[in-house]
Each structure stands twice: as C-alpha cells, then as structure tokens.
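Work through the exercises below with the sequence and coordinates open. Each task is followed by its solution in steps.

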Amino acid sequence: QCVEREIQNSVNKEEDRERFTEPCMCIATYMMKDLTAQEAEKFITEHENPRSLQIKFDSAAYHCLQQKAPPKGPQLFGKQ
C-alpha cells in the first residue's frame, strides 16, 4: 500500500516504484515489531486503519526517513 500510494500521481511509475520500495519496507518492518493481533485483524479482515496504526506509521516513517539527508538547499549570494 505504501508504494502504491506514493506512485499514485507519479509520472515515471517504474522508476519511482524502485525508489520507494526500500523506505516502504523499512516502515513495514518497523511497524511489525510491536503490532498487536487486534490491530492486524482490523487491518486485514475489516480493512480498517485504527488510530494506533496511524501513530505507529508516523513513528516508523520518521525513524526510516530521518536517516536520509535532505536535499541541499539553494545557495544564495555566495552564502551557504
């Protein structure tokens, strides 16, 4: 779901699919560490996203994506 959501509005879907696979796997792995049976059941059988899953997703995304260096900003007037 993570990859599909990210490439939904993409122009180059195949290239972006490869680019988003690693961070999405990191997020999924991080979330599985403390996933409860009740949360898994609601997600799989009832197709619900409990609030606790959203909180875990946000935490996992922060954990997985903070390791990536942000793109370098523009250099204005010779200053860094």
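The exercises treat the disulfides and then the pockets of this predicted model.

**Exercise 1.** Find how many disulfides the structure holds, and give the pattern in which the cysteines pair.

Solution. A search of the whole structure returns 2 disulfides. The cut-off for such a pair is a sulfur-sulfur distance within 2.5 Å. C2 and C24 meet it, with their sulfur atoms 2.0 Å apart. C26 and C64 meet it too, at 2.1 Å. With bonded cysteines counted along the chain, the pattern is 1-2, 3-4.

**Exercise 2.** Determine the handedness of the disulfide of C2 and C24, and state which helices it links.

Solution. The torsion about the S-S bond is about -65°, so the disulfide of C2 and C24 is left-handed. C2 sits in helix α1 (residues 2-7) and C24 in helix α2 (residues 13-32). The two cysteines are 22 residues apart, and the pair links distant parts of the chain.

**Exercise 3.** Do the same for C26 and C64.

Solution. The S-S torsion is -85°, and the link of C26 and C64 is left-handed. C26 belongs to helix α2 and C64 to helix α4 (residues 51-65), so the pair ties together parts 38 residues apart in sequence.

**Exercise 4.** Classify each bonded cysteine as buried, partly exposed or exposed.

Solution. Buried means under 20% relative accessible area, and exposed means over 50%.
- C2, at 17%, counts as buried.
- C24, at 9%, counts as buried.
- C26, at 28%, counts as partly exposed.
- C64, at 6%, counts as buried.

**Exercise 5.** Describe the largest pocket by volume, lining and residue class.

Solution. The volume of the largest pocket is about 570 Å³. It is lined by 20 residues, of which Q1, C2, M31, F43 and F57 are the closest to its centre. Helices α1, α2, α3 (37-44) and α4 each supply at least two lining residues. The most come from α2, with 7 residues. By class, the lining of the largest pocket has 14 nonpolar, 4 polar and 2 charged residues.

**Exercise 6.** Repeat the description for the second largest pocket.

Solution. The second largest pocket holds about 160 Å³ of space. Among its 11 lining residues, those closest to the centre are R19, F20, P23, C24 and L65. At least two lining residues come from each of α1, α2 and α4. The largest share, 6 residues, is that of α2. The lining of the second largest pocket divides into 7 nonpolar, no polar and 4 charged residues.

Notes:
Residues numbered from 1 in each chain as written. Predicted model: local features only at pLDDT ≥ 70, side-chain atom pairs only at ≥ 80, totals over all residues. Heavy atoms only, no water. Helix = DSSP H or I, 4+ residues; strand = E, 2+ residues; numbered from the N terminus. Buried < 20%, exposed > 50% of the residue type's maximum accessible area, 1.4 Å probe, protein only. 1 Å grid on protein atoms, 1.4 Å probe; cavity = no way out; pocket = protein on both sides within 12 Å on 5 of 7 lines; lining within 4 Å. Points joined across faces, edges and corners; volume = space filled by probe spheres on them. Nonpolar A, V, L, I, M, F, W, Y, C, P; charged D, E, K, R; others polar.
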